[in-house]
Amino acid sequence: MSHTHHDANLPSPGFPTVRPRRLRYNPLVRELVRETELSPRDLILPLFVRPGTGVRQEISSMPGNYQLSVDTLVEEVGAARDLGIKAFMFFGIPEYKDATGSSALKHDGIVQQALRATRKAYGTDVLLIPDECFCEYTDHGHCGILHDHGGKVDVDNDATLTILAEQCVSHAKAGADVIAPSGMMDGMVGAIRRGLDSAGFTHIPILSYAAKYASGFYGPFREAAESPPQFGDRNTYQMDPANSDEAMKEVALDLAEGADMIMVKPALSYLDIIRRVKERFKVPVAAYNVSGEFAMVKAAAAKGWIDERRVTLEILLSIRRAGADMILTYHARDVAKWMR
Ligand code: PBG
């Protein structure tokens with residue numbers, strides 16, 4: 001019912017003294033009262049490195065993202081840095097895969113080479129964060145060494161911890177600034193901390209993928225990193241998407257083992273987890289806006305169904321608003337360009 005046809009028998013709606021719209025008329029006032037900011041400084045760009053030279057192979061389900069060789073990766077990091085992105089996560093696609101992922105531990109492994117070359121090119125201007133896991137390096141595609149566990153083939157937690165600590169030390173020696181284990185092994189943060197400390201890397205922080213869910217949203221990444229499990233799934237180590245209290249337990253354990261920063265992954269379907277972790281633990285929280293989340297936006301935008309820029313910024317802002325201090329995202333370059 002409109003004001004002009006107000007029924008005289010009903011009480012007048014009157015005029016409110018509290019009008020939230022007062023703070024929305026002037027764009028400069030809107031800016032003053034804005035609660036959450038998004039900046040390229042908060043973003044971490046994931047990159048994929050593989051052997052060879054001059055390689056620049058686009059990942060079909062992740063437009064604008066490439067498998068790069070060390071030389072083109074160095075160029076890519078430089079270009080992103082010039083846009084204002086300072087932090088990078090490296091994933092390696094090795095020369096060969098075997099049952100134990102031994103190519104991950106080599107002094108001249110692919111990520112080790114990438115770390116040295118990038119450090120040499122840009123010094124302390126960039127922050128280098130290798131992902132620590134074995135799924136890209138094992139021929140079976142699982143995140144560690146396998147064993148027979150009560151008649152079922154599964155990842156051997158404790159055997160994997162030993163090689164995981166070795167991988168991290170090797171990356172630290174090659175110049176990693178931060179270590180980011182993603183394999184969801186019990187005790188991984190403690191094992192890595194001890195490994196780093198005894199090798200003299202007491203100053204290197206650990207960003208733990210503490211609450212990492214067994215998610216369908218990793219689909220495009222597994223093409224990018226050539227890392228899908230060759231049998232079974234990751235449900236015995238990654239978390240059940242139905243669980244929230246369990247994420248609090250995972251985070252508490254990782255912090256007790258010495259994690260400096262905590263990651264929640266994926267981001268969008270887990271904004272509630274980001275919020276709970278931030279409120280409860282009050283530590284730096286990272287969120288991984290994963291490959292499937294990125295691919296959905298790109299696909300819908302390519303069809304003209306959504307405004308890519310608007311939707312991307314809204315998504316990333318929502319992740320920040322939920323409580324993430326930093327976001328790993330394949331949108332980082334686009335965002336940095338839009339914000340210039
Ligand atoms: C495991 C790892 C995965 C991702 C990052 N680290 C895949 C998996 O657990 O299968 C996914 C990232 C993404 O989807 O963007 N090393």
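**Exercise 1.** In which loop is the place of Pro-266?

*Solution.* In this predicted model, the place of Pro-266 is in the loop that runs between β10 (261-265) and α8 (271-281). Turning next to the backbone at this place, the peptide bond from Lys-265 to Pro-266 is cis, and its omega is near -10°. This deserves a remark, since most peptide bonds are trans.

**Exercise 2.** Decide whether Met-184 and Lys-282, which have a positive phi of about 60° and about 50° respectively, are buried or exposed.

*Solution.* Begin with the general expectation, which is that most residues other than glycine have a negative phi. Met-184 is not a glycine, yet its phi is positive, and it lies in the loop between β8 (180-181) and α5 (188-198). Its relative accessibility is 5%, and because buried means under 20%, Met-184 counts as buried. Lys-282, also not a glycine, is found in the loop between α8 and β11 (285-289). Its relative accessible area is 66%, and because exposed means over 50%, Lys-282 is exposed.

**Exercise 3.** Describe helix α3 (residues 110-122), its buried residues and what covers them.

*Solution.* First take the span: the 13 residues of α3 reach 18 Å from the first C-alpha to the last, which is close to the 18 Å expected at 1.5 Å a residue. Next come the buried residues of α3, among them Ile-110, Val-111, Leu-115 and Tyr-122. What covers the buried residues of this helix includes the strands β1 (43-49), β4 (87-92) and β5 (127-132), together with the helices α2 (70-82) and α4 (157-174). Finally, just after α3, Gly-123 takes a positive phi of about 55°.

Key
Residues are numbered from 1 along each chain as its sequence is written. This is a predicted model: local features need pLDDT of at least 70, side-chain atom pairs count only at pLDDT 80 or more; totals for chains, interfaces and linings use all residues. Side-chain values use heavy atoms; hydrogens and water are left out. Helices (H or I, at least four residues) and strands (E, at least two) are DSSP runs, numbered from the N terminus. The expected span of a helix is 1.5 Å times one less than its number of residues. Buried means under 20% relative accessible area, exposed over 50%, partly exposed in between (1.4 Å probe, protein chains only). Contact means heavy atoms within 4.5 Å.
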